[in-house]
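Let's take a walk through this structure together, starting at a bound ligand and moving on to charged pairs and cysteines. Keep the 3D view open as you read.

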Amino acid sequence: MSLLDVENLCVTFPTRRGEFQAVRGVSFTLGQERLGIVGESGSGKSMTGRAILRLIRPPGRVEADHMRLEGRELLQMSEKEMQGVRGQKISMVMQDPKFSLNPVMKIGEQIIEIYRFHTGAGRKAAWAKAVEMLEAVSIRDQERVMRAYPHEMSGGMGQRIMIAMMLVTEPKILIADEPTSALDVSVQTQVLQIMDRLVRERGMGLIFISHDLNLVASFCDRVLIMYAGRIVETCEADKLHEAQHPYTRGLLNSLPRLDEPSERLDVLTRDPAWMEETSVSGRV
Amino acid sequence: MSSLEFENLNVWFGDGPDRVDAVTGATFDVESGTSFGLVGESGSGKSTILRALVGLARNWSGRMTVGGLELRGYKRPRAFYRDVQMVFQDPYASLHPRQTVDAVLGETLKLHGFSDIDRRIKTLLDDVGLGPEFRFRYPHQISGGQRQRVAIARALAPEPSVLLLDEPTSALDVSVQAEVLNLLVDLRKERSLTYLMVSHDLAVVGHMCERVAVMQDGEIVELLGVAEMRAMEVKHPYTRHLLEASVGYNPREA
Ligand SMILES: Nc1ncnc2c1ncn2[C@@H]1O[C@H](COP(=O)(O)OP(=O)(O)OP(=O)(O)O)[C@@H](O)[C@H]1O
Ligand SMILES: Nc1ncnc2c1ncn2[C@@H]1O[C@H](COP(=O)(O)OP(=O)(O)OP(=O)(O)O)[C@@H](O)[C@H]1O
Ligand SMILES: [Mg+2]
Ligand SMILES: [Mg+2]
C-alpha cells in the first residue's frame, strides 16, 4: 500500500468572476520515494500540497474522490484528528519560511515546543534535540540561533530552520515546498542529503515541490509536471530532460546556462489547447 | 551618475557574546550602468551589504558611496529613496497582508509624487507579466512567484537608477524567471540602470552580471569577471566548489 493515495483532487476558490479552480482533478500516489512536482508559477503546486493537509482557507474548498493516508481517509477526519496528522504524520515546509515562523518567539522555543508537543519529551532533552537538528541542517552557531528571533536570520537560515522544525517529529510524509530555493549549492546539498537519508533509511515519503528542473531531475525518483491545475506529464526524474510535452520542453529551454551564454532567454509560449487536456495520472 | 563604491565595509549586529560580524572588510565597485553579482554561502553577509546601503543595518564602518555621494549613518537623503530601490529576498514579508496589489503600487506611486496612477499601475503590471485580474487581489490570493513579480513592479514604480535585487528570481518558476531576467536586461539597457544583485544561482548571475564577488563567512574571498567564471578560471577553492556544485544534486558531495 502506498503512503498516500490521492484521486481526483480539486481545489476551488470563489472569486468575483466566479469559481476559480486552482487544482483540477489531480491523481497520484506517493510511496517511500522522492516525488517531485514541477510547473510554472500558479500551476497549483502549493495548493496541492496544502490540500493534502487540508490547509486551504475557506471559502476555498478541497474535494477529491479519495485522499488516503496509509488507507485512512483524510477527508473524513475531524479537525481534531487532522491536528494529530499535521506535523506528526505529515509535515510541510512552507514556501514562505519566515511567514510560517512565529516572529515574536525565539527560534529555540519554537522547535522545542513542537518537539515536546509531539513527543512529550522533557525540556532538556528537547533543547538538545533542537540543537542537534540545527546542526544537521548546517547551522553553524546553533546556540546563538536558538536564542535569536526569526528576523535575525538570513533567508537561507530561515529556510533551514523551518526544515529542522518539520523534521524534528520524524513524519511519515514530508511535503517540502521550494525548500532549498534560498540556499547556496553547498548548503542545499547538505539539506537534500538529510531528506534523502530519511527516505532511504526510514522510509519517509517526500513530495518535493520545486521550479529547479535540474535539481529535481538529479534528486527525485519521479516527477509530476503541472500546468493550470493539472498534471500534463509524468516521468522518471532522470528522464526529465527527455520529456515530450511542449510545455515541459519550454520550461527546460528557458533555463540560463553557464556554459552556453545567450543574449535573451527563451520564454514559454502557451498553447490554449493545454488548458483542455485531461490530467495525466501520477499513480503507480 | 549611479555608480556604487564599497570600501572596507564592516557590518555587525548585537553585542557581547551574541555579536555577529556579518560583513568584514568588503571592498568593491559597481560601475554605473553595469550589473554586479554577489554570490556565496548562506549567511555570509550578502543581504546585509544591500541592507547597509539602504540604511536598514545601522552598525557599520568603512565607506559607501552612491553616484559619488558618501553615505553616513543610516539616514538617507530623500532623493536616495527614489533613486535606489530594493527588491527583498522575502516577497512574503515585504508585502503587507491587508493591501491589495493595487494599493501597494498606488501608494508607492503617490509617495513618489506621480499623478497618472491608474495608467502607471496598468503599465507596471504589464511590465512584470501580471494580467489585470491580479490588480485587486491580496497577497494570500496569489502564488509565490506572482508575489515576487508584484515586489519587482513596486521597485520599478519610482523609476530608480539603481536596483538592489536580493534573490529576485529564486521564488519564480523558470519561465517567469526568464521573463523577469529578460525584463531586467531590457530595462537596464533602456534606462541605463545599475544593478547589484544577490543570487545563489550562478547561471542567473552569469546571465545578468559583468562582475561577481564570492562571499564566505562575512568576507569577499574572490572578485572575478563573468568570462573567468564561465571558463572556471578561479583562484579560491570555495568558488570552484560553488561552480562544480551548480550542476545539480550529487549525493556524494557536500
Ligand atoms: N485565495 C485564493 N483565491 C483565489 N485564487 C487563489 C487563492 N490562492 C491561490 N490562488 C491561485 O491559485 C493558483 C495556484 O496557486 P499555487 O500557490 O498552488 O501556485 P504554485 O504552483 O505553487 O506557484 P508558485 O511556483 O508561484 O509558488 C494561482 O493562480 C493563485 O493565484
Ligand atoms: N537583524 C539581525 N540581527 C542579528 N543578526 C543578523 C541580523 N540580520 C542578519 N544577521 C546575521 O548576519 C549574518 C549574515 O546574514 P545575511 O542575511 O547577510 O546572509 P546572506 O548572505 O544574505 O544569506 P542567505 O543567502 O541565506 O540569504 C547571519 O549570520 C545572520 O544571522
Ligand atoms: Mg507555490
Ligand atoms: Mg540573504
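In this predicted model, a good place to begin is A:Arg144, where an N or O atom of the side chain sits 2.9 Å from an oxygen atom of ligand 2. Another oxygen contact of ligand 2 involves the backbone: a polar backbone atom of A:Gly156 is 2.7 Å from an oxygen atom of the ligand. Chain B takes part too, with an N or O atom in the side chain of B:Ser47 lying 2.7 Å from an oxygen atom of ligand 2. The protein buries 89% of the 640 Å² that ligand 2 exposes when taken alone. Two or more residues of the surrounding shell come from each of these elements: α7 (155–167) of chain A, and β2 (20–30) and α1 (46–54) of chain B.

That fits with where the ligand is found, since ligand 2 lies between chains A and B. Of the 20 residues around ligand 2, those that come nearest are A:Ser154, A:Gly156, B:Ser42, B:Gly43 and B:Thr48. Sorted by class, the shell holds eleven polar, five nonpolar and four charged residues.

Now to the charged pairs. Side chains of opposite charge can pair when their charged atoms come close. Over all chains, the structure has 33 salt bridges. One of them links B:Glu41 with A:Arg140, at 3.0 Å from N to O. B:Glu41 is in the loop between β3 (35–40) and α1 of chain B, while A:Arg140 is in the loop between α5 (123–136) and α6 (142–147) of chain A, so this pair joins two chains. The partners sit in contrasting surroundings: B:Glu41 is buried at 11% relative accessibility, whereas A:Arg140 is exposed at 54%.

Within chain A, A:Glu170 and A:Arg202 form a salt bridge whose closest N and O atoms are 3.9 Å apart. This pair links distant parts of the chain, 32 residues apart: A:Glu170 is in the loop between α7 and β8 (173–177), and A:Arg202 is in helix α8 (residues 185–202). A:Glu170 is partly exposed at 44%, and A:Arg202 is partly exposed at 35%.

Finally, how many disulfides are there over all chains? The count is zero. A disulfide is a covalent bond between the sulfur atoms of two cysteines. Take A:Cys220: the closest cysteine sulfur belongs to A:Cys235 and is 10 Å away, so the two are too far apart for a bond. A:Cys220 is buried, with a relative accessible area of 8%, and A:Cys10 also counts as buried, at 14%.

Conventions. Residues numbered from 1 in each chain as written. Chains lettered and ligands numbered in written order. Predicted model: local features only at pLDDT ≥ 70, side-chain atom pairs only at ≥ 80, totals over all residues. Heavy atoms only, no water. Near = heavy atom within 4 Å. Polar contact = N/O pair within 3.5 Å; in protein donor to acceptor, adjacent residues only side chain to side chain. Areas by Shrake-Rupley, 256 points an atom, 1.4 Å probe, with all protein chains shown as cover. Helix = DSSP H or I, 4+ residues; strand = E, 2+ residues; numbered from the N terminus. Nonpolar A, V, L, I, M, F, W, Y, C, P; charged D, E, K, R; others polar. Disulfide = S-S within 2.5 Å. Buried < 20%, exposed > 50% of the residue type's maximum accessible area, 1.4 Å probe, protein only. Salt bridge = Lys/Arg side-chain N within 4 Å of Asp/Glu carboxyl O.
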